[in-house]
Amino acid sequence: MTMDIISDNMLQASDGFHAFGSHVECTAWLSAQNKAFQAAINGAPLAESLGILVDTACSQSGGGLRSAFYLTDPDGTGLRHVIGMPEPYAIAAGGIKIGSDSLACGLAVFNRQPVITVDVRKEPRWQPWLWLAEEHGIRAVWSFPAETAAGRVVGTFAVYFRDPREATPRDHEFAAALTQTAAIIISQHRQAADLIQRRITDEALRESEERFRAVAEQAEAGIVIVNAGHRMSFVNDRYCEILGRTRDDLLGRTVQELTHPDDWSFNEPLYQRAMAAGASFTIEKRYLRPDGTAVWVRNVVSALRDGTGVIVGGLAVSLDITERHQAEADLRESEERFRRFAEHSANVLWLADLKSGQLNYLSPAFAQVWGMPVEAMPDLAGWLASIHPEDRDGAAQALERVGDSETLVLRYRILRASDGGMRRIRDTFFPIPGQDGHIRFVGGIAQDVTTATDLRAYVVAAGEDARHRFAAALQAADYEVKAFATSQALLKLAGSLMPGCVVLDLEEATGMILISALKADRSHLPVVAVGASGGDVGFGVRAMKAGAADYLDAPWTPEALLFAVKTAMADIRDAAERTRARDKSRRRVASLSERERAVLEGLLAGGTNKTIARTLGLSPRTVEIHRAKVMEALGARTLPEAVLIATAAGVRPADQSST
C-alpha cells in the first residue's frame, strides 16, 4: 500500500474514544512513516525501522499502551520478538508458535485476521500465561497480522493495555495502516538480507571453488567432476596424467566414452544409481588411453548437490592402481604356475607353521607317497608320527635347525598307514622369514627315493688303498661313490641312504655280519662281496648264502667289478619297477566305487555276470555295466590282464561259498 492510500485511510477515521487518541495527526504519522521507510532504504536494522512505528503508535495513544512487532520465522511455524517489549517479557514468551491453539499473535498469523483479547483474565487461552501478564501489567492484548500485497504474512503488530479494552473501527484502521507499512519494510529488509546472503553465498562459493581447484591441482589422486548432463566439467592435472590425455580432450566427454567396454556393463548401474539417488560407490575398472592401452583405477564416486539438495552432478576421486593390479595378476599367474607344478610333481611340496604346528599346504603327491589323503595330515605332530621311530628324533631336530634359519637336506623313512610299507624320503628343508625377519614358516620338498636307480655305490674297506682303488674304478664309470672304513659306519646310516650297490671288501672283519644285516631289510642296498678265497670255493658260497648279490675273487679287474655292480643295480631297478606297478595298480583299484570293487572281487573268484549278479542282488545287465567300468578304470583290455592288475594291488577274490 502506498503512503497516499495509508494517509487517506487515516483521514477517513471517525471521531470517538480510541486507543490511539481522539484525533490523528496526519502530518506526524506521515512523517513517521516516511522516516521508517527512509531508515529501511538506508539499510538500518529492522528493529530500528520498526521501532519508529512503535514509537509513533505509543505517542498517538498518549502513553496508555505498549506496542511491539513480531517477525515470522523463515519456515512460517513461529514468531520472534523484534522491538517493543521489555527483554524479560520477550525471553519469557520465547518463540511464539503459529497455530490454531496459539495466543493472540500466533493465532492472528494463523487466521490472517486480527485477534482482540479484551481481558486476558477472561480468556481461557491465557490462563497458563496470566503470571506473565500480571508481572508486566497487561490486561488486554490486540494482535494484527502484517500481510504483504502478495498475501504473505510476515509478522504481527501487538498492542498491550493495562486495563481491559475493546478495539474500535478506527483502531483497526490505524493498525491496518501501520501493519501495511511494516509489511513493506519487513519485505524490503528480507529482500535485502536475501540479496546480501546470496552475494555472501556466491562469494563463498567462488572462494570455495578456488580453494577446491587449488587443492585439487596439488592432489596425488585424480579428480573429475561431471555435470547434470554426465559430461566432465572439471579435471585436475593428475586425472589428465592417469588417462594420458589433455584437459581440453577430457572436458565435455562422458565417463562411458573413456571406460573400457568390458567394464561399463557393471559400472553403468552404479553410476546411474548415484546420479538418481545419491548412492556413493567405489569401483575398480579400466580407462582407455589414446594409444589403446588400459589403465586400472580405483574410483570413489559420490553425487554433488546444490543448496536445495538436488543432485546436479558427480565427483570421482581416482587412484592409479595399474601397478598393484599387475602385481596381483603376476601373483595369481605365479600361484597358478606353482599349483600346476605342484599338482604334476612327483615330489611332495609342503609348508608348515612352526608357531602353530599346522601344515598349511601339502601337494597332491603326498597322498601317493604317504598313502593317505592330504586331509589326514593336518599338523607336524602327525608328520613326525609317520616317520620311522629310528629317524624321528633327527626329523624333530631338523625342524629346530631350520627354525634357526638353516637350510638342510634330511633323509628319513616313513611308515605308510595304508599298507604298512616303508618309504625312503629325501627332504629339503628351508626357512621362510616373515617381514620382521623371524622364521615362522618352513617349507620343504620331499622326494620319494625308495626306488631311485641312479648310479650310486657305497664302498666298505678297512684299508685306505683298497677304498681308493674301488672308488676310482666306479667313478670312472660315472658312479657316485661314498666310502666307509667299517661295516658299522655304513649300518648306522643304512636306513637313510639312497638306493645303491654296496661294494664290500671281505678283508673287513665284520664283512659277513654286514651282508646278513643288509639282507634282512635293506633290499635297496645289494652287496657285491670281494675277497681272497685262497682257493677255498666255500668262501664265496658262504658270502652268497649270507646275502651277497655276487662274489668276486681277488685279484679283481675293473671290468668284472663293474659288471657285478651293474647286475646288482638291475635287481634294484626290477624291484623299483615292481613297486611302481604295484602302486599304479593300487591307485587304479582305489578309484573304483564300492560296487565296482565288489564286481572285481567276483571276477577274481571266477564268477560270471549272472553269478555275480545273484550274489550282489543286481541284474546281469547292471553287472555288465560295472564290469565295463572296472576294465576301463584298470586300463585292462582283457579279463586276465585285469586279474593280474587286481592281484598286484592285493585284491582278494570274493567268497563264493554262498552262491
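**Exercise 1. The second largest cavity**

Task: In this predicted model, classify the residues that line the second largest cavity as nonpolar, polar or charged, and state which elements give two or more of them.

Solution.
- Step 1. The lining divides into 11 nonpolar residues, no polar and one charged.
- Step 2. List the residues. Val 348, Trp 350, Leu 359, Leu 362, Phe 366 and Trp 370 line this cavity, along with Met 377, Leu 380, Trp 383, Tyr 412, Asp 427 and Ala 446.
- Step 3. Assign the charge. Asp counts as charged, so Asp 427 is the charged residue of this lining.
- Step 4. Map the residues to elements. Two or more come from each of β12 (348-353), β13 (359-362), α13 (365-370) and α14 (380-386).
- Step 5. Add the volume. This cavity holds about 70 Å³ of space.

**Exercise 2. The largest cavity**

Task: Describe the largest cavity by its volume, its lining and the elements that supply this lining.

Solution.
- Step 1. Count the cavities. The structure has two of 30 Å³ or more.
- Step 2. Take the volume. The largest cavity has about 130 Å³.
- Step 3. Turn to the lining. It consists of 16 residues, and nearest the centre lie Val 255, Tyr 271, Asn 299, Val 301 and Ala 316.
- Step 4. Sort the lining by class. There are 12 nonpolar residues, three polar and one charged.
- Step 5. Name the suppliers. At least two residues each come from β7 (222-227), α11 (261-277), β9 (281-288), β10 (294-305) and β11 (311-320).

**Exercise 3. The five-stranded sheet**

Task: Give the strand order of the open sheet that contains β7 and β11, and state which strands stand at its edges.

Solution.
- Step 1. Write the order. The five strands run β8-β7-β11-β10-β9, with antiparallel pairing.
- Step 2. Find the edges. β8 (232-235) and β9 have a single partner strand each, so one side of each lacks a neighbour in the sheet.
- Step 3. Add the twist. On average, neighbouring strands are turned by 30 degrees against each other, direction ignored.
- Step 4. Go through the pairs. β7 and β11 are antiparallel and joined by six bridges. Asn 227 has Gly 313 in β11 as its bridge partner.
- Step 5. Place the helices. α11 packs on the sheet and touches β7, β9, β10 and β11, with its direction at about 135 degrees to that of β9. Helix α12 (residues 322-344) also packs on the sheet, touching β9, β10 and β11. The direction of α12 makes about 130 degrees with that of β10.

**Exercise 4. Two hairpins**

Task: For the hairpin of β9 and β10 and the hairpin of β10 and β11, find the glycine with a positive phi.

Solution.
- Step 1. Start with β9 and β10. They pair in the antiparallel sense over eight bridges, and Leu 288 stands opposite Ala 294 in β10.
- Step 2. Inspect the turn. Five residues lie between these strands, and Gly 292 has a positive phi near 90 degrees.
- Step 3. Move to β10 and β11. Their antiparallel pairing covers nine bridges, with Arg 298 opposite Leu 319 in β11.
- Step 4. Inspect this turn. Five residues lie between the strands here, and Gly 309 has a positive phi near 90 degrees.

**Exercise 5. A helix pair**

Task: Decide how α22 is oriented to α23.

Solution.
- Step 1. Take the geometry. The axes of α22 (residues 609-616) and α23 (residues 620-634) come within 8 Å and cross at roughly 105 degrees.
- Step 2. Apply the cut-off. Angles of 65 to 115 degrees count as roughly perpendicular, so α22 is roughly perpendicular to α23.
- Step 3. List the contact. Asn 609, Lys 610, Ile 612 and Ala 613 in α22 meet Pro 620, Val 623, Glu 624 and Arg 627 in α23.
- Step 4. Classify it. The contact has four nonpolar residues, one polar and three charged.

Notes:
Residues are numbered from 1 along each chain as its sequence is written. This is a predicted model: local features need pLDDT of at least 70, side-chain atom pairs count only at pLDDT 80 or more; totals for chains, interfaces and linings use all residues. Side-chain values use heavy atoms; hydrogens and water are left out. On a 1 Å grid over the protein atoms alone, a cavity is a set of points where a 1.4 Å probe fits but cannot get out, and a pocket is an open set with protein on both sides within 12 Å along at least five of seven lines; lining residues have an atom within 4 Å of a point. Grid points are joined across faces, edges and corners, and a volume is the space filled by probe spheres set on the points. Helices (H or I, at least four residues) and strands (E, at least two) are DSSP runs, numbered from the N terminus. Axes are lines fitted to C-alpha atoms, for helices over the stretch in contact, and angles run from 0 to 180 degrees between N-to-C directions. Angles under 35 degrees count as roughly parallel, over 145 as roughly antiparallel, 65 to 115 as roughly perpendicular and the rest as oblique. Contact means heavy atoms within 4.5 Å. Two strands pair if DSSP finds at least two bridges between them.
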